[in-house]
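Here is a briefing on one protein chain. Look at the picture first, then work through the points below.

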Amino acid sequence: MMTEISEAHARELAKQAARKAELAEICQRDLAGCDRILFEAGCGHGHWLSDYAEAHPDTICVGIDLISWRIRKGNDKKAKRGIQNLYFYKAELGEFLGALPASLRFERTVLLFPDPWPKAKHHRRRMVQSALLDELARRTDVGGEFCFRSDDRPYFDWAVEHLQAHDEWIIDEAAPWPYESETYFQSLMDAYFSVIAKRV
Ligand SMILES: C[S@@+](CC[C@H](N)C(=O)[O-])C[C@H]1O[C@@H](n2cnc3c(N)ncnc32)[C@H](O)[C@@H]1O
């Protein structure tokens, strides 16, 4: 029994290592020569990021999502509109950050309508966690931004509390939202809340 479990565990670890190596290779190929990006985690169909990239042709924009068909839709938009400064990857957030070159800097990180995981026992699945804010702080220069938008008030309050508790992020209530373009989930919501924090 123990042997079966440890064999299954070893297979899972090997799969994770292979996924990480593949992602690292793809990122190195696409982002060679690039030292900073705008990063969107949980980009869904890539509506917002495609529009942002088109409006900011000098910024390399990178979006990730767990779901393959959403990433395919993003890549279809990129191809149809011939957007050169845009990359979508199917990846899990932690795995992706672990696979990126350590030298790559984030000028802005954006989370739009991330899954709220309302039950307390699922809060650990929320993307906003102290460890994520630590990792983003390591990759963001002073003045860089973390932008969060949600229709879910408890998750919004959670994000604000985590930012307030973090020494390297400060909420900037005067900062304008970097770019307005409706995401798929935004188009379904009547109301939402936004917060921007700056790296200090
Ligand atoms: C509610 S949808 C919002 C999508 C898009 N931002 C929008 O506003 O239309 C949340 C997205 O985050 C993705 N997601 C959730 N957890 C993730 C993770 N750990 N890493 C990458 N993507 C994740 C989901 O697959 C889903 O597409």
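Helices here are DSSP runs of H or I with at least four residues, numbered from the N terminus. With that in hand, Lys77 can be placed in helix H3, residues 68-81. The model is predicted. The briefing starts with Lys77, then turns to the strands, the cores and the charged pairs.

**Lys77 in helix H3**

- Buried or exposed: which word fits Lys77? The cut-off for buried is under 20% relative accessible area. Lys77 has 18% relative accessibility, so it counts as buried.
- Lys77 touches His45, Gly46, His47 and Ser50, leaving aside residues up to four places away in sequence.
- Gly46 is 31 residues from Lys77 along the chain, yet their C-alpha atoms are separated by 7.9 Å.
- Lys77 is buried but has no salt bridge. The nearest side chain of opposite charge is Asp76, and it is 7.8 Å away.

**Strand S1 and its neighbours**

- Strand S1 covers residues 36-41, and 5 of its 6 residues are buried, so the rest of the structure largely encloses it.
- S1 pairs with strand S4, residues 105-112, in the parallel sense over 5 bridges. In this pairing, Arg36 stands opposite Arg105 of S4.
- S1 also pairs with strand S2, residues 60-65, and again the sense is parallel, over 5 bridges. Ala41 has Ile64 of S2 as its bridge partner.
- How does the chain get from S1 to S2, and which hand does the crossover have? The chain passes through helix H2, residues 47-55, and this β-α-β crossover is right-handed.

**Strand S5 and its neighbours**

- S5 is mostly covered, with 6 of its 6 residues buried.
- In a regular strand the side chains alternate between the two faces of the sheet.
- Both faces of S5 are covered. Glu145, Cys147 and Arg149 are buried on one side. Phe146, Phe148 and Ser150 are buried on the other.
- S4 and S5 run parallel and are joined by 5 bridges. Thr109 stands opposite Phe146 in S5.
- S4, H5 and S5 form a right-handed β-α-β unit.
- S5 and S7 run antiparallel, with 6 bridges between them. Here Arg149 stands opposite Ser194 in S7.

**Nonpolar cores**

- In soluble globular proteins, nonpolar side chains tend to be buried together.
- How many residues are in the largest nonpolar core? That core has 36 residues. Leu31, Phe39, Tyr89, Phe96, Phe146 and Phe148 have the most contacts inside it.
- Helix H6, residues 153-164, gives this core its largest share, 6 residues.
- A second, separate core has 18 residues, including Cys43, Leu86, Leu112 and Ile196.
- Tyr89 touches many residues, among them Leu23, Leu31, Val62, Ile64, Ile71 and Phe96, not counting residues up to four places away in sequence.

**Salt bridges**

- Side chains of opposite charge can pair when their charged atoms come close.
- The model has 14 salt bridges.
- Arg36 forms a salt bridge with Asp141, and their closest N and O atoms are 2.9 Å apart. Arg36 lies in S1 and Asp141 in the loop between helix H5 and strand S5, so the pair ties together parts that are 105 residues apart in sequence.
- Both partners are partly exposed: Arg36 has a relative accessible area of 31%, and Asp141 has 30% relative accessibility.
- Arg108 and Glu145 meet in a salt bridge at 2.8 Å, N to O. Arg108 is in S4 and Glu145 in S5, so this pair ties together parts that are 37 residues apart in sequence.
- Arg108 and Glu145 are both buried.
- Arg199 forms a salt bridge with Glu168, with the closest N and O atoms 3.7 Å apart. Arg199 is in strand S7, residues 193-199, and Glu168 is in the loop between H6 and strand S6, 31 residues apart.
- Arg199 is buried, with a relative accessible area of 14%. Glu168 is partly exposed at 29%.
- Which residues join Arg108 and Glu145 in a network of salt bridges? Asp172 and Lys198 are linked with them.

Definitions and conventions
Residues numbered from 1 in each chain as written. Predicted model: local features only at pLDDT ≥ 70, side-chain atom pairs only at ≥ 80, totals over all residues. Heavy atoms only, no water. Buried < 20%, exposed > 50% of the residue type's maximum accessible area, 1.4 Å probe, protein only. Helix = DSSP H or I, 4+ residues; strand = E, 2+ residues; numbered from the N terminus. Pairing = 2+ DSSP bridges. Right-handed = clockwise from strand over helix to strand, strands pointing away. Core = buried A, V, L, I, M, F, W, Y, C linked by side-chain atoms within 4.5 Å. Contact = heavy atoms within 4.5 Å. Lys, Arg positive; Asp, Glu negative; His and termini not counted. Salt bridge = Lys/Arg side-chain N within 4 Å of Asp/Glu carboxyl O.
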